[in-house]
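This briefing looks at two topics in turn, aromatic rings and helix packing. Please read it alongside the sequence and the coordinates.

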Amino acid sequence: MSVVEKIQYSDEFLSKENIVNNINILWGKAIPILQHRKHLYDRYTRKYDISDVIVALEFYISTIATGYFGGKEPQYKVKKINEIQKGILKKIFKKVFGEKNNPEEFQTIIDYITKYNDNGSFFYDCVKDYINTGACYGLIYENNDNEIVYAHTSSLTTVAIWNYETPSQKIGLLRYWTENSNNEGLDIHLEIITKDYKKHYIGGIETTKINKDTKVDFKELKSKEVLWNDTPIFAVENPDGLALFENVITLIKKHEQIVKNNANIFQYNDDAKLKITGFTPQNNSIIQDTDEEGNPKLDESGKPIMIKNPARTEEDEAILNAKVFYTPDNTGDIDWVTKDINDTASENHKKTCLDLALMISCVPNVTDQGFTNADNSSALEKKFFPLDQVLQQADKLFEKELLRMWEMITSRINLKKNTEYDFRDIEVILTRNLPSNNKEIVDTWLRLRGLVSDKTVIEHLPYDLDSESEIAEMDAQNETNIEKNIENMQKMGQDINSKELNTEQDNPNKKFEQEDEIKQQNIKQSDTITQKEDKEK
């Protein structure tokens, strides 16, 4: 099947005036792409595979890669530009950057939007689609509660439309779904989104299958204006149009065939036939079938109908169940008819196919000795080094598209709230998901206290803590402790004064006695000094 890797048209092709005549062309271009992705996704799930033996290495490759790249949600941090940087930017570009941007306020807004949209789930679903089909998509809109939403949409039903600029830009998104019609057929629904409009088309067909030759007459159902500064979509497509495991499907099939062949040999030997030489059974294996009166039965062409001889079956079973079997001929022999299997060669061939498939897809084998002996984070990082390299392209594509998404969201906020936030102050941080030693991480970041903010330290601790909430709790705790300390100090002062007062009340002459004692000590000290001076003289 010939697959169009990328749908490209000029901006005029999608204009309101031309889309009415071009919607069928778009649908025809999208069908082979979507069918190919469906084929890849079926390879991943093996849900509809009816083979006797299934070794779903595609599932393994996809699961490891998706968890490694998409297991931790992206972080969005608002950078703070210092005065020196502001001065340089103002001098070079004649503009003031970061002057009207409140970093704390902007960061709070970003955190609120990400929590509302379940940022981690959105990112993981997009990564999974990208790994399995080579593309992933999302819709950006504002709901009825005036909340900004970015939601994942399946790559099996969605395709992006690009223009011919350098680099090419996204100018539209085509999404389809089907509904059962009243005539037991299918109604195909198409939704196309651009920066100017969002249109909904419907086409009814009397069939249960859709392919590139299916002719559909689409009619516009509804349309509304898009009020964003750009096409409100999230779209990442692999430039080569490849799923991660697509280049190793043939090796996976070879590996699966070896396992299947071995299984067939074992099954054949389990059902092996007994070979006996030098012995002739008393009954024939096949006889002619007869009716109740003993007359031979004939088929439609007049030929006799042959059946398995019950007497021969009983004779064979008796031979098989006999503890001892004698052959009248001295050259006779009895043995099982089996197939020999070269286990070493088979295992080596199977291992070669497996190693090549994992090597080309750059996914580590978690069952090999080197992986199981990796007892620290550094060793694990080395095992995942090939996968990290093959995902570098995805890393850059996702980072670029996530920043573009926040550019649209920031522009929307500035327009509605009359603010002047700058999306270029947002730093997109993508973190790989690897097993880690929590104690080492905690110790490392705690050593940095005083060099970096407490908020940064908390965010990098491996306990999924909310830095804002934790800092607020710490501030409240510190204030409470200060108040308690002040109360305790005041209470201690009151206790001391009260104790002194009680002492004076219990013994009113004690104060005078203490004063007399002090005077006597002073007199003795003066006499001692006088005597010392007289001796010196």
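In this predicted model, one aromatic cluster is formed by Phe69, Tyr76, Phe122, Phe123, Tyr130, Tyr150, Phe234, Phe398 and Trp406. The points below take up the aromatic pairs and then the packing of helix α6 with helix α8.

**Aromatic rings**

- Searching the whole structure for aromatic pairs yields 16 of them.
- For Phe123 and Phe398, the ring centres are 5.7 Å apart and the planes stand at 80°, an angle over 60 degrees, so this pair is classed as edge-to-face.
- Because Phe123 belongs to helix α5 (residues 119-133) and Phe398 to helix α12 (residues 392-417), the pair ties together parts of the chain that are 275 residues apart in sequence.
- Phe123 and Phe398 are both buried, and both are members of the aromatic cluster, which also includes Trp406.

**Packing of α6 and α8**

- Helix α6 (residues 249-270) packs with helix α8 (residues 343-361) at an angle of about 155°, and the axes of these helices are 9 Å apart.
- Since that angle is over 145 degrees, α6 and α8 are therefore described as roughly antiparallel to each other.
- The crossing in which α6 passes α8 is left-handed.
- On the α6 side, the contact involves Leu251, Ile252, Lys254, His255, Ile258, Val259 and Asn262, which meet Ser346, His349, Lys350, Cys353, Leu354, Leu356, Ala357 and Ile360 of α8.
- Sorted by class, the residues in this contact of α6 with α8 comprise nine nonpolar, four polar and two charged ones.

Terms used: Residues numbered from 1 in each chain as written. Predicted model: local features only at pLDDT ≥ 70, side-chain atom pairs only at ≥ 80, totals over all residues. Heavy atoms only, no water. Axes fitted to C-alpha atoms, helices over the stretch in contact; angles between N-to-C directions. Helix = DSSP H or I, 4+ residues; strand = E, 2+ residues; numbered from the N terminus. Parallel < 35°, antiparallel > 145°, perpendicular 65-115°, else oblique. Left-handed = near helix turned anticlockwise from the far one by under 90°. Contact = heavy atoms within 4.5 Å. Nonpolar A, V, L, I, M, F, W, Y, C, P; charged D, E, K, R; others polar. Phe/Tyr/Trp six-rings, centres within 6.5 Å; stacked < 30°, edge-to-face > 60°. Buried < 20%, exposed > 50% of the residue type's maximum accessible area, 1.4 Å probe, protein only.
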